[in-house]
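Here is a short set of questions and answers for a first look at a protein model.

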Amino acid sequence: FASMNQRGDLSMLYVHPEYQRKGVGTRLISHIVEHATEEGYAHLRADASVLLKPLLLKLDFELMEEYQKEVRGQLFNN
């Protein structure tokens, strides 16, 4: 599943492990992009994890900034 909120943020993307690396995530994001375009959104935004970032870059999303996020005392690069 994937979702976009009313601000134009890609807010969720999940592909069951048995279906990962089979193009499902690409199709879901492509559908979100198509829907956003039809609805008149000029931009989509995603706070992507390091796992999602390569897919978004492959789909021509532009990296705006990288940052570190702290979760339970551990730092993660986004």
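The questions below go from the core to the surface and then to the backbone.

This is a predicted model, where local features need pLDDT of at least 70, side-chain atom pairs count only at pLDDT 80 or more, and totals for chains, interfaces and linings use all residues. Residues are numbered from 1 along each chain as its sequence is written, and side-chain values use heavy atoms, with hydrogens and water left out.

Q: Which helix gives the most to the largest nonpolar core?
A: A nonpolar core is a set of buried Ala, Val, Leu, Ile, Met, Phe, Trp, Tyr and Cys residues joined through side-chain atoms within 4.5 Å. The largest one has ten residues, including Met-4, Leu-10, Ile-29 and Phe-61. Helices H1 (24-38) and H2 (53-58) each supply at least two of its residues; helices here are DSSP runs of H or I, at least four residues, and strands are runs of E, at least two, numbered from the N terminus. With three residues, the top contributor is H1.

Q: Is Asp-9 buried or exposed?
A: Asp-9 lies in the loop between S1 and strand S2 (10-13). Buried means under 20% relative accessible area, exposed over 50%, and partly exposed in between (1.4 Å probe, protein chains only). Asp-9 has a relative accessible area of 11%, so the label is buried.

Q: Which side chain forms a polar contact of 2.9 Å with that of Asp-9?
A: A polar contact is a pair of N or O atoms within 3.5 Å; within protein, one must be able to donate a hydrogen and the other to accept it, and residues adjacent in sequence count only if both atoms are side-chain atoms. At 2.9 Å, the partner of Asp-9 is Arg-7.

Q: Is Phe-1 buried or exposed?
A: Phe-1 sits in the segment before strand S1 (2-4). Its relative accessible area is 55%, so Phe-1 is exposed.

Q: What is the phi of Asp-60, near which value?
A: Most residues other than glycine have a negative phi. Asp-60 is in the loop between H2 and strand S3 (68-71). Asp-60 counts as exposed, at 70% relative accessibility. Its phi is positive, near 70 degrees.

Q: What is the relative accessibility of Arg-72?
A: Arg-72 is in the loop between S3 and strand S4 (74-77). Arg-72 also has a positive phi of about 50 degrees, although it is not a glycine. Arg-72 counts as exposed, with a relative accessibility of 83%.
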